[in-house]
Amino acid sequence: MKRIYLDHNATTPVHPEVFEAMKPYFMDTFGNASSTHEFGRKARVALEQAREKIASLLGCKADEVIFTSGGTESDNMAIKGTVWANADQKTHLITSAIEHHAVLETCKYLAAHGSALTILQPDNLGIISPDDLHKAITKDTVLVSIMHANNETGTIQDIAALAKVAHESGVLFHTDAVQSAGKIPYKINQLDVDMLSISAHKLYGPKGIGLLYLRKGTNLVQLSHGGSHEFKRRAGTENVPSAIGLAKALEIAYRDMEMETARLNRMTAKFAEQLQVHIDGIHFIGDQQKRVPNTINVAFEAIEGESILLSLDMKGIAVSSGSACTSGATEPSHVALAMGVKPELAQGAIRFSFGRHSEEADLDFVIDTLVKEVGRLRSMSPLYRAKK
Ligand code: PLP
């Protein structure tokens with residue numbers, strides 16, 4: 001059976017060029033980058049070259065790039081690190097209701113341990129308003145954390161405008177850019193954020209590595225203690241092969257971005273159009289203009305997203321209902337609910353996230369399968385029969 005993978009926002013396969021670039025650092029140049037002998041020095045040179053390359057691609061300085069184990073750790077580091085750096089005062093933090101759990105749960109944890117927390121609601125397209133942010137800032141606010149692109153809908157926030165509002169009140173700004181990195185061309189200095197999280201496995205790099213951009217001079221408490229690795233921000237022997245992989249993955253993403261963006265925009269536009277032609281009772285979730293090129297989120301009336309996911313999986317098509325980290329849970333997506341989508345409709349949401357290996361030629365099969373499976377599930381749905 002042919003398998004079609006449309007879940008690139010959950011993870012991506014490692015790009016062959018990334019794999020090739022990483023290979024020498026497992027067995028040949030395997031040294032500990034902190035050792036002073038030649039084995040270590042060679043690893044150190046490679047690690048710092050990777051950091052330099054990333055910094056020049058992202059538009060920041062090399063010593064502002066801290067390697068982490070991925071998006072979740074970067075988010076934790078940014079949020080807990082900032083709040084705990086202000087432990088001698090009252091702390092208030094602001095985030096949004098559509099964040100990934102790596103941000104939401106971290107903020108809620110801090111709220112359970114004494115911080116005040118404001119969770120901003122988006123409009124019905126999933127956009128957070130700079131005015132709402134302005135109103136939420138108090139004299140105790142130490143941090144605002146709002147994501148760049150949403151993992152479920154692909155909706156892109158105006159991060160520069162939001163960061164400006166925070167900075168006007170002297171408040172730090174963090175953005176989770178896990179789903180925008182490598183998909184849209186931004187420079188950190190244009191976004192003007194203080195911290196930004198990236199994860200390699202979302203952009204054809206290896207799993208288990210990411211980075212936190214940390215603006216020079218930002219006061220952040222260290223979470224893991226031990227050696228003086230990563231500018232004394234994160235102790236632990238550096239993951240050299242993966243850092244090389246992350247740098248290569250970003251390089252390829254920036255190199256091919258224009259072409260890939262055009263290709264994915266064409267493909268998702270055609271997909272959305274075909275869905276509308278062939279299936280009734282569907283609703284696109286998120287801002288269809290301001291979205292990353294690979295993501296389409298659709299709710300199918302009167303059936304459960306989880307049932308569609310399982311039916312498509314039996315036919316070889318991999319998609320996601322809600323964010324991958326919460327799949328299996330039966331509650332409707334917190335992102336759709338926050339956008340005002342009714343729970344019964346949010347329950348029927350499916351995320352299609354296309355990628356490098358998605359081909360226009362596969363669309364017909366995906367649409368045909370969806371038409372059949374949605375029809376079959378609806379024929380068994382009392383909700384759908386009641387509507388007719
Ligand atoms: N933030 C967003 C927006 C994500 O989509 C994800 C992963 O799904 C994460 C954070 C967590 O990243 P990681 O899997 O590298 O921990």
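How are helix 3 and helix 10 oriented to each other, roughly parallel or roughly perpendicular? Before you select them, note that this is a predicted model, in which local features need pLDDT of at least 70 and side-chain atom pairs count only at pLDDT 80 or more, while totals for chains, interfaces and linings use all residues. Residues are numbered from 1 along each chain as its sequence is written, and side-chain values use heavy atoms, with hydrogens and water left out.

Select residues 38–58, which are helix 3, together with residues 240–278, which are helix 10; helices here are DSSP runs (H or I, at least four residues), as strands are (E, at least two), numbered from the N terminus. Their axes, lines fitted to C-alpha atoms over the stretch in contact with angles from 0 to 180 degrees between N-to-C directions, come within 9 Å and cross at roughly 30°. The two helices are therefore roughly parallel, a term for angles under 35 degrees. Among the residues making the contact (heavy atoms within 4.5 Å) are Ala43 and Leu47 of helix 3 and Ala247 and Tyr254 of helix 10.

Stay with helix 10 and select Phe271, then add Phe354, which lies in the loop between strand 12 (349–353) and helix 14 (360–379). Their rings form an edge-to-face pair, 5.3 Å centre to centre with 70° between the planes; rings of Phe, Tyr and Trp (its six-membered ring) pair if their centres lie within 6.5 Å, and planes over 60 degrees apart count as edge-to-face. Phe271 is buried at 0% relative accessibility, and Phe354 is buried at 2%, where buried means under 20% relative accessible area (1.4 Å probe, protein chains only). Finally, add Phe352, which forms one aromatic cluster with Phe271 and Phe354.

Note on methods. Angles under 35 degrees count as roughly parallel, over 145 as roughly antiparallel, 65 to 115 as roughly perpendicular and the rest as oblique. Rings of Phe, Tyr and Trp (its six-membered ring) pair if their centres lie within 6.5 Å; planes under 30 degrees apart count as stacked, over 60 as edge-to-face and the rest as tilted. Buried means under 20% relative accessible area, exposed over 50%, partly exposed in between (1.4 Å probe, protein chains only).
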